[in-house]
Amino acid sequence: EEKDKAKAEVEKEAEKAKNSIDQSTTNEAVTEAKDNGKSAINAVDATSKAKSDAKSEVDRVADAKKSEIDASNMTAEEKAKAKAEVEKEATKAKDSIDKATTDNAVSEAKEVGKEAINSVDITSKAKADVKTEIDRVAEAKKSEIDASNMTDEEKAKAKEEVEKEAEQAKASIDQATTDV
């Protein structure tokens, strides 16, 4: 659609230039009409506004996702990996936008790209895995306590201590900033 508009504009400017040349009565006027016509033709915008707007929107979504990643509880390694994934998806979207030949295709490429960027997972897998392991160990310990010959009061106190230690361990995990 944009190509057709630009071509029509070029045709219009070329026609104006030819008419101006035809109206000229001196060599200088012909040269001036020719130069004015060339300038007007060259001034026709050949860049795609739809594509540049779509790519700008992809960049804005990618930047927002990177900020979301920075604010997450992911480790530094996970953040770097997630940001690289966002960058890969943004580049893929912009390449698809560049290859699009209609406004609808540009819009579709933009939306697919935004969806891909927004679907980059920002949950800390390393932390989730370790917290699951803490829960598993705590449950095993509570089962061991239940099977012991402790009194009910001793069992309740011991299980409460296990739960407290597990929660402290998970809080420490949440504060960790690296995978190591």
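Helices here are DSSP runs of type H or I with at least four residues, numbered from the N terminus, and by that convention Glu160 lies in helix H7. I will come back to Glu160 in a moment, but let me say at the outset that what we are looking at is a predicted model.

Let me begin with the chain as a whole. The protein chain contains seven helices and zero strands, and when we read along the sequence the pattern is α-α-α-α-α-α-α. The radius of gyration is 33 Å, whereas the globule rule gives 16 Å for 180 residues, so the protein chain is more spread out than a compact globule. Along the principal axes, the C-alpha atoms fill a box of roughly 115 × 25 × 20 Å.

As for burial and surface, 26% of the 180 residues in the protein chain are buried. The chain exposes about 12200 Å², and 51% of that area is supplied by carbon and sulfur atoms. If we take the contacts between residues at least 6 apart in sequence, 71% of them join residues at least 24 apart.

Now to the helix packing, where I would like to go through three pairs, beginning with H3 and H4. Helix H3 covers residues 49-71, helix H4 covers residues 76-99, and the two pack at an angle of about 170 degrees with their axes 10 Å apart. Angles over 145 degrees count as roughly antiparallel, and H3 and H4 are therefore roughly antiparallel to each other. On the H3 side the residues that meet H4 include Lys51, Ala54, Val58, Ala62 and Ile69, while on the H4 side they include Lys79, Ala82, Val86, Ala90 and Ile97. Sorted by class, the residues of this contact are nine nonpolar, no polar and eleven charged.

Helix H3 also has a contact with helix H5, which spans residues 103-118. The axes of H3 and H5 come within 10 Å and cross at roughly 5 degrees, and that angle makes H3 roughly parallel to H5. From H3 the contact is made by Ala50, Lys51, Ala54, Glu57, Val58, Val61, Ala62 and Lys65, and from H5 by Asp103, Val106, Lys110, Lys114, Ile117 and Asn118. In this contact there are seven nonpolar residues, one polar residue and six charged residues.

The third pair is H6 with H7, that is, residues 125-146 and residues 152-175. Their axes come within 10 Å and cross at roughly 170 degrees, which makes H6 roughly antiparallel to H7. Among the H6 residues in the contact are Val130, Ile134, Ala138, Lys142 and Ile145, and among those of H7 are Ala158, Lys159, Val162, Glu163 and Ile173. The classes here come to nine nonpolar, no polar and eleven charged.

Lys142 deserves a closer look within that contact. Is Lys142 buried or exposed? The cut-off for buried is under 20% relative accessible area, and Lys142, at 16% relative accessibility, counts as buried. If we leave aside its neighbours within four places in sequence, Lys142 is in contact with Lys159, Val162 and Glu163, and these three residues are listed on the H7 side of the contact with H6.

This brings me back to H7 and to Glu160, which at 60% relative accessibility counts as exposed. Glu160 and Ala105 are 55 residues apart along the chain, and their C-alpha atoms are separated by 60 Å. Lys164 lies in helix H7 too, but Lys164 is partly exposed, with a relative accessible area of 45%. From Lys164 to Ser107, 57 residues apart in sequence, the C-alpha to C-alpha distance is 52 Å.

Finally, let me turn to the N-terminal helix. Ala17 has its place in helix H1, residues 2-23, and with 11% relative accessibility Ala17 counts as buried. Which residues does Ala17 touch, not counting those up to four places away in sequence? They are Ala33 and Gly37. Ala17 and Ile122, by contrast, are 58 Å apart in space, C-alpha to C-alpha, and 105 residues apart in sequence.

Notes:
Residues are numbered from 1 along each chain as its sequence is written. This is a predicted model: local features need pLDDT of at least 70, side-chain atom pairs count only at pLDDT 80 or more; totals for chains, interfaces and linings use all residues. Side-chain values use heavy atoms; hydrogens and water are left out. Buried means under 20% relative accessible area, exposed over 50%, partly exposed in between (1.4 Å probe, protein chains only). Contact means heavy atoms within 4.5 Å. Axes are lines fitted to C-alpha atoms, for helices over the stretch in contact, and angles run from 0 to 180 degrees between N-to-C directions. Angles under 35 degrees count as roughly parallel, over 145 as roughly antiparallel, 65 to 115 as roughly perpendicular and the rest as oblique. Ala, Val, Leu, Ile, Met, Phe, Trp, Tyr, Cys and Pro count as nonpolar, Asp, Glu, Lys and Arg as charged, and the others, Gly among them, as polar. The radius of gyration is taken over C-alpha atoms; the globule rule is 2.2 Å times the number of residues to the power 0.38. Accessible areas come from the Shrake-Rupley method with a 1.4 Å probe; for residues, only the protein chains shown count as cover.
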